[in-house]
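The following exercises are meant for a reader who is meeting this structure for the first time. Please attempt each task before reading its solution.

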Amino acid sequence: MSIGVFVVTPAKMEEWNKSVSSLSEEVLARLSKMLDNTTCGWRQLANAVSEQPKFRCSESELTSCSLQVLSSAGSPGRTLLARLADRSCSLDFLLNCLRKMDHQEAVHYLTNTLAELIQITVQPQTQQATVGGKVVLTCRAAGPPGLSYQWFRGKEEILDGTGNTPELVLCPTALAHQGHYICRVHHGGNFIFSQWAHVRFLQTAGPSPGCSSSLFPGSASGLRIIQQPQSRAVSEGDSLFLECKAEANPPVQYEWYHNMMPMTQHKTCSLKVPCVTTAHRGQYKCKMFNLYHEVWSDTATIIIGPSSITEASWVEVDRGPDSQEVRRCEPGLSQLQQTVKPPSSVKQFCATDKVALLIGNMNYHYHTQLCAPIADVHELTNLLRQMDFKVVSLLDLNWQEMHSAVTEFLLLLDKGVYGLLYFAGHGYENYGNSFMVPIDAPASYTSDHCLCVQNVLTRMQEKKTGLNVLLLDMCRKRNLYDDIIVQPGLLKVTANIVFGYATCVDAEAYEVKRKDVSNGIFISFLKRRVCEDEKVTVMLDRVAEDMGCCEITRGRQALELRSNLSERRSLTDQIETTECSASHSARNLQWAVAHVLPKSICLQFDCGVKVQLGFAAEFSNVMVIYTRILEKPQEIVSCCAQLTDFPEDVDIDLKQSNQETLLEAGSLLLLNENLPSPEVPSLYTRIRCLQRLRRELTFAICLHYTYSNMDDEVQERQSVTVGKPLVSKLNLHEPRLPHACSSSSSFSLNSFKVPENSSYASAGSASDAWSYHAQSGRGSSTIDSLTSPKSANIPEETDSEYFDSPQPLVASKSLPHSQINDIDYKFSDMYNFHSH
């Protein structure tokens, strides 16, 4: 038998670098069938891919694959390929492993399939134009010979001669040309859509430029930079001046960016800051553009050093063999006296990565229900994401789920990583140790029923992290039911620990209670400062000062800061992955697994109605599903698609399901009015506690419709399976082994005790012997306020027509959370301050 040799040409290299997840379901099903055998199948493939640690399958994962044969539709090979796709296995690596197995049939099929794939290399770009001018949209693709192009404006195909080429030329342009354009590239039965390009027109007072090419200057780009901004070092209090100039026709417009964030107030060629502070340090770039071109300037790095006036050095004065005095040197002293000089610039620290775990417990089984954690976690999540943190945000965790979540969080830590743990909920402090209370803790809980924060910190230190920040938004009252003295592991002298307590020892933490969205006092002040480019301890000190200025909290709640941080590390520090790219990629993979949303689905019913399903992430374990009618026959006068038959694992309020607004569906944070009004109304259903989902999420869509000549309502049903969305893939409901089986983690749970005679596998699990008693906790005290601000957060959403630019027709897109709209709280009446 002769063995063929497949050579990957440079033109195809990008395709082979793609992930296994880029393969169609048809291709994956065919490969799975080839791998479902014992002689040269999925077990041999699992052994071949294990040469790379991140693709190595544990014994439990292999067992899970083998158990697929018990199902009529199960496929061990498909399950293994899904795991490889989740871990971003490349097609090139998969092919090499198939060759090592000598699986000629799979090698031949995969190479032929890739040869037929179409990949867009040049996407059409959004453009601005004037009426009567010229617009050229370009879409180019690589693939088999004989590719065909189809252009669409909205849903209408452009059928003239210009619509069947890689370039769509609109000349002369008219108002009718304004809109969204997309290109469909196809060959035989294979096709792919480009991204959308928006053509919009500007109002002009002068004559129309027509289609003349005289608009473009003689340079190759049509826009020539004649002055670049320059890097420099300045002192606090000095002025900063940056300038960037370019020549072009039409004239150039300017936009300045600081650390890749737009500076909306600076729209000219020069940037002036009259009095700089440390917040102005970083990288500056200028975007220069006109109707036809866009160019970015070079990056100018600005270093902010200490003020030359206010900063002085420190010197030791020897006053005898047994005593020393440290005094401040004045600027006027001689150079010989000032032996320690102020640094000319501040050292810039960086992180190898930044990860955060945010837990908000509200719906306690045996304790006071809390209101604020949902908003606190949501707002802090958005702020941390702005600073490039990988954030896992979870609501309402029981004991087992909290332990598993901490385990997964520790897997994300590594040398030089910034780790942040935030907890909002009931808590207490005994003998210097802080304890976070799960939602299923009994009324008379002890440390056995809770998580010790100091134990978590010990495990964080084992990872040699660059910064450990623990923010505890909970009460610190003494727990009278707990007389156990927990002995956490010894802390190392790492000088990188910061504790931010929302309140002092033996004191309570309070909420600002509102009609819709409540906030804790701590987050109310923290969110105004957390993004400041300052040392973490300096930032928290300012938060403490702000809280101290609030008359209604004075004497009742004060932030307490404990720290041994010796370096000027900030939450805004840049991420530098040059030396740790492999571990950084592994963290990206682990984090991404908990944030995968299902793709948007379109369902066709027998009556001719077409229904779309979309998905949005409110938290890592809370998802919103919307349904809307895309198409319906004229003879149907009314119809709606409702979701039903959800599994018992997840938490759904049936009274709030299938609602016309997000607010009615129970989402206080993703308000419907913050999204552009859709042409077709939608129904929303909010699914909570996805961490308890034990199998793929399956539910039914019930279509209710009425014909014009009938009075009776007709129903059709379809079952839908969307896999395991968001955090459900981590199986937090499952107990973790005493020692986590991971090459990237040395975490163990030896210090965590499991309460006897109690089950934590579900939200409702608790021992019958647990009795109810009065308790202390974060939410036992509230502050009522007359103001009711609304959050302006927009969900991460898949394939939605709500947005100005429509999404690709065949792929889903996850949109990032928007920046929050910070509205100041008004403590209007201190007599509303009360404690239960």
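**Exercise 1.** Leaving aside its neighbours within four places in sequence, which residues is A558 in contact with? Place A558 in the chain and classify its exposure.

*Solution.* The model is a predicted one.
- Step 1: A558 belongs to the loop that lies between α12 (536-548) and β34 (560-563).
- Step 2: Once the neighbours within four places in sequence are set aside, the contacts of A558 are A502, T503, C504 and M547.
- Step 3: The C-alpha atoms of A558 and D546 are 9.9 Å apart in space, and the two residues are 12 residues apart in sequence.
- Step 4: Partly exposed residues fall between the cut-offs of 20% and 50% relative accessible area. A558 counts as partly exposed because its relative accessibility is 35%.

**Exercise 2.** Determine which residues form the covered face of strand β10, and describe how β10 is joined to β2 and to β8.

*Solution.*
- Step 1: Strand β10 spans residues 197-201; A197, V199 and F201 make up its covered face, whereas H198 and R200 make up the uncovered one.
- Step 2: Strand β2 (residues 127-129) runs parallel to β10, and 3 bridges join them. Here Q128 stands opposite R200, a residue of the uncovered face.
- Step 3: Strand β8 (residues 179-187) runs antiparallel to β10, again with 3 bridges. H180 has H198 in β10 as its bridge partner, and H198 is likewise on the uncovered face.

**Exercise 3.** State the order of the strands in the open sheet that contains β28, and identify its edge strands.

*Solution.*
- Step 1: The sheet consists of 3 strands in the order β27-β28-β29, with antiparallel pairing.
- Step 2: β27 (427-430) and β29 (451-452) are the edge strands, since each of them pairs on one side only.
- Step 3: Between β27 and strand β28 (residues 433-436) there are 4 bridges. One bridge sets Y428 against its partner F435 in β28.

**Exercise 4.** Describe the second largest pocket by its volume and its lining.

*Solution.*
- Step 1: The space in this pocket amounts to about 1,200 Å³.
- Step 2: Its lining has 33 residues, and those nearest the centre are H258, N259, M261, T572 and Q574.
- Step 3: At least two lining residues come from each of β16 (261-262), β18 (282-289) and β20 (300-305).
- Step 4: By character, the lining of the second largest pocket comprises 12 nonpolar, 11 polar and 10 charged residues.

How values were computed. Residues are numbered from 1 along each chain as its sequence is written. This is a predicted model: local features need pLDDT of at least 70, side-chain atom pairs count only at pLDDT 80 or more; totals for chains, interfaces and linings use all residues. Side-chain values use heavy atoms; hydrogens and water are left out. Buried means under 20% relative accessible area, exposed over 50%, partly exposed in between (1.4 Å probe, protein chains only). Two strands pair if DSSP finds at least two bridges between them. Contact means heavy atoms within 4.5 Å. On a 1 Å grid over the protein atoms alone, a cavity is a set of points where a 1.4 Å probe fits but cannot get out, and a pocket is an open set with protein on both sides within 12 Å along at least five of seven lines; lining residues have an atom within 4 Å of a point. Grid points are joined across faces, edges and corners, and a volume is the space filled by probe spheres set on the points. Ala, Val, Leu, Ile, Met, Phe, Trp, Tyr, Cys and Pro count as nonpolar, Asp, Glu, Lys and Arg as charged, and the others, Gly among them, as polar.
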